[in-house]
Protein chains: 2
Amino acid sequence: MPTECEKKLRFAMIGLGAIGGYYGGLLAQSGREVHFLARSNFEAVRANGLRVDTPSGDFRLQRVNVYHRAEDMPRCDVVLVALKATDNGALPAILSHVLREGGTTVLIQNGLGQEERLPENALRGSVYAGLGFICASKAAPNHVIHSDYGALRLAAYREAPGSLRLHGGAEGLAREFEAAGVEIERESDFLSARWKKLVWNIPFNGLSAALQADTAELTRCSSTRDLAEALMLEVIAAARAEGCTMPDTYARQMIDATLSMKPYFPSMYHDFVAGRELELDAMYAVPIERARAGQRPMIRVETLAQELTFLCAHRKPRKC
Amino acid sequence: MPTECEKKLRFAMIGLGAIGGYYGGLLAQSGREVHFLARSNFEAVRANGLRVDTPSGDFRLQRVNVYHRAEDMPRCDVVLVALKATDNGALPAILSHVLREGGTTVLIQNGLGQEERLPENALRGSVYAGLGFICASKAAPNHVIHSDYGALRLAAYREAPGSLRLHGGAEGLAREFEAAGVEIERESDFLSARWKKLVWNIPFNGLSAALQADTAELTRCSSTRDLAEALMLEVIAAARAEGCTMPDTYARQMIDATLSMKPYFPSMYHDFVAGRELELDAMYAVPIERARAGQRPMIRVETLAQELTFLCAHRKPRKC
């Protein structure tokens with residue numbers, strides 16, 4: 001049962017894509033106070049609420065605290081960021097309006113380097129990485145479809161215990177999510193958490209966009225399954241060069257997990273098809289640069305990233 | 001001026017694609033006796049002749065000695081093979097009908113390993129590799145467009161001087177082509193000739209099919225230009241492991257040559273778009289295997305080949 005203090009916690013969800021809609025939606029559905037910052041789907045959500053289809057029970061939020069401008073939002077204790085990493089340039093200004101002094105920020109984003117890149121004065125308290133191990137996408141501007149998995153892995157980038165209203169730091173944060181029905185995985189090492197997610201993201205996001213294929217097609221074909229595993233092994237080697245503990249067998253484990261999950265188009269596929277900017281910087285350029293710095297260049301990953309950069313600049317119908 | 005003996009030389013051109021049409025067309029246009037084996041365009045060429053547009057002077061052959069079955073062809077002194085390497089399984093049977101005892105075979109094909117793979121009894125005399133440094137494609141079944149370059153690089157795989165009616169071996173062969181207006185480059189080392197061609201073919205054939213782009217797009221974008229050069233350096237390293245002399249600067253030279261040529265879609269692009277089989281074996285699998293055997297694995301090339309294998313099996317419209 002929440003204490004008096006915890007009851008008053010106020011959450012902000014920055015971004016109302018599939019990820020923001022799913023995690024923020026569950027928090028709101030459980031009775032927590034959540035304020036959403038939306039862009040393209042602001043009107044749709046304000047007018048019609050938010051619909052989330054999920055195997056654990058579809059739900060609909062009729063009234064959503066949704067905002068189009070950060071200036072209009074109240075200051076919040078926990079700011080969850082579910083923007084694409086490409087939009088992080090706007091984050092310092094948003095946080096200056098939304099994050100209360102000593103509040104907690106959770107960057108629910110893929111890739112590497114986001115926390116390090118944010119200006120120190122933008123982050124006023126504790127900072128966590130949130131890695132969503134989830135298959136979710138949007139069926140309509142105010143309609144999220146959650147198809148598989150769903151755990152959020154939390155790892156502390158920086159903890160400022162004195163200033164937290166989330167008693168217990170990450171543990172308190174985790175309990176808030178769990179009470180709302182979100183499965184939380186606690187990762188003790190921040191760097192490992194980000195790299196581990198990349199082990200899956202680098203092959204499947206990039207290949208899905210470059211080859212226009214879902215995870216089932218990519219893993220059923222032995223060529224791309226082998227390529228995905230080879231890409232993973234490069235990422236694992238680079239992670240180890242940064243001090244992470246990660247066995248090579250993690251690659252095989254991720255391939256097997258992908259083989260057994262429902263066919264899925266990762267977010268980069270959707271971004272590519274919709275003509276949106278791809279998260280090439282956080283998901284490829286930064287890891288590639290750090291792997292090179294660690295003397296473990298990821299040659300296959302570089303090849304894929306170079307192709308993606310080209311494809312991004314030349315999006316057009318494939319002729320066959 | 002041809003000697004009495006050379007006048008009687010009889011040529012066969014196996015395959016009437018852009019390459020067979022261009023080189024065979026020039027030989028026939030110069031008055032040489034050329035017998036063409038055609039498949040899909042047999043009727044079109046028999047009915048309407050062969051048209052070749054080329055910067056050095058368009059021409060049209062009203063009557064072409066064109067055949068649909070090798071059995072119907074006369075035995076020839078020089079058999080030029082301009083089939084795709086994927087069709088080489090049919091070559092022993094064809095040669096058994098067309099190549100005269102002690103005659104000369106020229107495999108005008110890309111890739112590696114074709115000569116070695118042909119059964120010994122299929123090749124009855126001298127064997128040359130012919131590497132076409134040429135931009136040519138088909139505008140219609142009986143219409144070849146030659147847009148740029150055009151040299152044929154000849155290298156002896158095996159010379160059987162006693163049995164040759166082409167006096168002077170490769171030199172005599174070269175002079176026949178030159179008299180017909182084909183620029184000939186003499187390459188003393190067979191293996192280097194095949195690998196050198198791969199230095200260009202591996203990046204530009206594969207990337208043009210995988211990324212659906214022409215050479216100008218691929219070289220104007222710095223990502224794919226860098227990738228093409230990196231692919232070339234891998235091929236050069238593998239070639240050197242097989243004893244070829246090839247400096248790294250050859251890669252830069254090929255990039256510069258590509259930058260200055262007219263925008264071009266290599267043959268693999270056309271094969272891909274038309275749903276035809278790609279030359280993945282001769283152009284990728286064999287070189288990749290030999291590079292691994294030589295302890296110089298071509299990691300980027302392997303990545304590209306794995307993608308191509310997937311794309312080939314999943315050809316479909318790209319969604320953006």
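This briefing walks through how the two chains fit together, which charged side chains pair up, and a few individual residues worth a look.

The model is predicted. Chain B lands on chain A after a rotation of 180 degrees with 0.0 Å of shift along the axis, and the RMSD of that superposition is 0.0 Å. The two copies are thus related as by a two-fold rotation axis. Between them, chain B and chain A bury about 3200 Å², yet the count of salt bridges between chain B and chain A is zero.

**How the two chains meet**

- As background, two copies of a chain are related by a rotation about an axis and a shift along it.
- Here the rotation is 180 degrees and the shift is 0.0 Å, so the relation is that of a two-fold rotation axis.
- The same surface serves both copies, since 100% of the contact residues of chain B recur in chain A.
- Counting contacts, 34 residues of chain B touch 34 residues of chain A.
- Of the roughly stated total, about 3200 Å², carbon and sulfur atoms account for 61%.
- What does the search for salt bridges between chain B and chain A return? The count is zero.
- The rule for polar contacts also finds zero residue pairs across the interface of chain B and chain A, with both residues required to be at pLDDT 80 or more.
- Five helices of chain B each supply at least two residues to the side that touches chain A: α7 (190-211), α8 (215-220), α9 (222-241), α11 (267-273) and α13 (299-313).
- Among the contributors, α13(B) gives the most, with ten residues.
- By residue class, the side of chain B that touches chain A divides into 16 nonpolar, seven polar and eleven charged residues.

**Salt bridges**

- Side chains of opposite charge can pair when their charged atoms come close.
- Over all chains, the whole structure holds 50 salt bridges.
- In chain A, Arg69(A) forms a salt bridge with Asp72(A), and the closest N and O atoms are 3.1 Å apart.
- Both ends of that pair are partly exposed: Arg69(A) has a relative accessible area of 43%, and Asp72(A) has 42%.
- In chain B, Arg153(B) and Glu185(B) meet in a salt bridge at 2.7 Å, N to O.
- This pair links distant parts of the chain, with Arg153(B) in strand β9 (residues 143-158) and Glu185(B) in strand β10 (residues 184-186), 32 residues apart.
- Is Arg153(B) buried or exposed? Arg153(B) counts as buried because its relative accessibility is 12%, under the 20% cut-off.
- Its partner Glu185(B) counts as partly exposed, at 25% relative accessibility.
- Another pair in chain B joins Arg240(B) and Asp248(B) in a salt bridge at 3.1 Å, N to O.
- Arg240(B) is partly exposed at 37% relative accessibility, and Asp248(B) is partly exposed at 41%.
- Back in chain A, salt bridges that share partners join Glu171(A), Arg175(A), Glu178(A) and Arg186(A) into one network.

**Arg252(B) and its partner**

- Arg252(B) sits in helix α10 (residues 249-259) of chain B and is partly exposed, with a relative accessible area of 34%.
- Which residues does Arg252(B) contact, leaving aside its neighbours within four places in sequence? They are Glu229(B) and Leu259(B).
- With Glu229(B), the side chain of Arg252(B) makes a side-chain polar contact at 3.0 Å.
- The C-alpha atoms of Arg252(B) and Glu229(B) are separated by 6.8 Å, while the residues are 23 apart along the chain.

**Backbone and helix-end details**

- Most residues other than glycine have a negative phi, and most peptide bonds are trans.
- Gln295(A) has a positive phi of about 65 degrees although it is not a glycine, and Gln295(B) also has a positive phi of about 65 degrees.
- Gln295(A) lies in the loop between α12 (280-293) and α13 (299-313) of chain A, and Gln295(B) lies in the loop between α12 (280-293) and α13 of chain B.
- Both are exposed, with 60% relative accessible area for Gln295(A) and 62% for Gln295(B).
- Ala313(B) belongs to helix α13 of chain B and is exposed at 59% relative accessibility.
- Ala313(B) and Val127(B) are 186 residues apart in sequence, and their C-alpha atoms are 34 Å apart in space.

Notes: Residues numbered from 1 in each chain as written. Chains lettered and ligands numbered in written order. Predicted model: local features only at pLDDT ≥ 70, side-chain atom pairs only at ≥ 80, totals over all residues. Heavy atoms only, no water. Least-squares fit on C-alpha atoms with pLDDT ≥ 70 in both. Contact = heavy atoms within 4.5 Å. Buried area = accessible area lost by both parts, 1.4 Å probe. Salt bridge = Lys/Arg side-chain N within 4 Å of Asp/Glu carboxyl O. Polar contact = N/O pair within 3.5 Å; in protein donor to acceptor, adjacent residues only side chain to side chain. Helix = DSSP H or I, 4+ residues; strand = E, 2+ residues; numbered from the N terminus. Nonpolar A, V, L, I, M, F, W, Y, C, P; charged D, E, K, R; others polar. Buried < 20%, exposed > 50% of the residue type's maximum accessible area, 1.4 Å probe, protein only.
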